[in-house]
Amino acid sequence: MRILCIGDIVGVRAIDYLKKNLWRLRDSKKIDYVIANGENASEIHGVSAKDAQAILDSGVDFITLGNHTWNKRDIYAFLDANGECIIRPSNYPGGAPGYGYAIVDIQGYRALIMNVLGQVFMDAVGDPFDAVEYILAREEGNYDLSILDIHAEATSEKYALARVFDGKIDIIFGTHTHVPTADTHIMPNGTAYVTDLGMTGPRNGVLGVDAERTLTKMRMHMPAQFVVADGEISADAIIVETDGAKVKSIERIVF
């Protein structure tokens with residue numbers, strides 16, 4: 001199997017970019033399944049039900065989210081109704097809309113896909129370590145392959161989670177910072193890992209955000225409404241190849 005994991009989608013132009021390019025990439029790279037983080041797809045401020053569906057229509061099979069999950073109220077019902085293709089972080093309280101993990105079919109293998117939020121420099125949420133341990137214990141024997149999106153600010157927290165679950169989860173990737181890290185590798189116990197995938201969005205800005213608005217906030221400490229930057233779009237991603245449920249390789253790509 002070849003699984004493509006795509007960095008945070010920033011803005012609706014990024015969704016259009018995927019519509020134009022993703023199926024061609026899937027064909028050329030022989031991709032079997034695509035996972036993307038979509039929490040910034042609606043012009044940075046969460047993801048609407050309409051935009052979530054547009055991401056799925058673009059060739060993405062599964063969407064993970066993050067700390068902007070609740071920004072668009074119409075996503076609540078969408079999360080409840082589409083748990084087989086979109087999840088929110090599992091360490092939100094249990095009564096929150098949607099699901100924190102799903103088990104999906106990839107080429108006849110049962111793949112457990114999980115999503116957690118970090119705690120360092122982030123909103124107060126439940127312990128991500130405990131959340132992952134709970135899911136793995138609850139679903140033991142029900143999956144062949146496991147995948148985790150850690151949506152977190154601190155690189156140390158992401159890597160700490162990866163160290164704990166090396167060999168227990170097959171693919172672990174980080175999202176949220178919009179900056180791809182250079183540590184794509186297979187860990188000692190066999191987990192394919194990268195601290196942050198990066199983003200799918202415009203490079204002519206600050207992390208996909210209009211640079212002037214960002215500088216107003218950073219230098220003047222004045223309120224600034226963030227908007228998506230103009231300019232050329234590209235997508236950061238990794239491709240993980242497995243032999244059945246065993247990881248063979250991990251490769252970082254930009255398309």
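Helix H4 (128-138) lies across strands S5, S6 and S7, and its direction makes about 160 degrees with that of S6. Helix H5 also packs on the sheet, where it touches S7, S8, S9 and S10 and runs at about 170 degrees to S8. The model is predicted: local features need pLDDT of at least 70 and side-chain atom pairs pLDDT 80 or more, while totals for chains, interfaces and linings use all residues. Residues are numbered from 1 along each chain as its sequence is written, and side-chain values use heavy atoms, without hydrogens or water.

**Terms for the elements**

- Helices (H or I, at least four residues) and strands (E, at least two) are DSSP runs numbered from the N terminus.
- Axes are lines fitted to C-alpha atoms, for helices over the stretch in contact, and angles run from 0 to 180 degrees between N-to-C directions.

**The sheet**

- Six strands form an open sheet in the order S5-S6-S7-S8-S10-S9, with mixed pairing (two strands pair if DSSP finds at least two bridges between them).
- The edge strands are S5 (101-106) and S9 (185-186), each of which pairs on one side only.
- S5 pairs with S6 (residues 109-117) in the antiparallel sense over 6 bridges.
- Within this pair, aspartate 105 stands opposite arginine 110 in S6.

**Helix H5**

- In H5 (residues 155-165), the buried residues (under 20% relative accessible area, with a 1.4 Å probe and protein chains only) are Glu157, Lys158, Leu161, Ala162 and Phe165.
- These residues lie on the same side of H5 because they cover an arc of only 140 degrees around the axis (taken from the directions from the axis to the C-beta atoms).
- The opposite face, turned away from the buried side, carries Ser156 and Arg163, which are exposed (over 50%).
- The buried residues of H5 pack against H4, S7 (145-151), S8 (171-175) and S10 (192-194) (contact means heavy atoms within 4.5 Å).
- Just after H5, glycine 167 takes a positive phi of about 90 degrees.

**Threonine 177**

- Threonine 177 is found in the loop between S8 and S9.
- Threonine 177 is buried, with a relative accessible area of 17%.
- Leaving aside residues up to four places away in sequence, threonine 177 touches Ala152, Glu153, Lys158, Asp196 and Leu207.

**The S12-S13 hairpin**

- S12 (residues 233-243) and S13 (residues 246-254) pair in the antiparallel sense over 8 bridges.
- Threonine 242 has valine 247 in S13 as its bridge partner.
- The hairpin has 2 residues between its strands, and glycine 244 in the turn has a positive phi of about 70 degrees.
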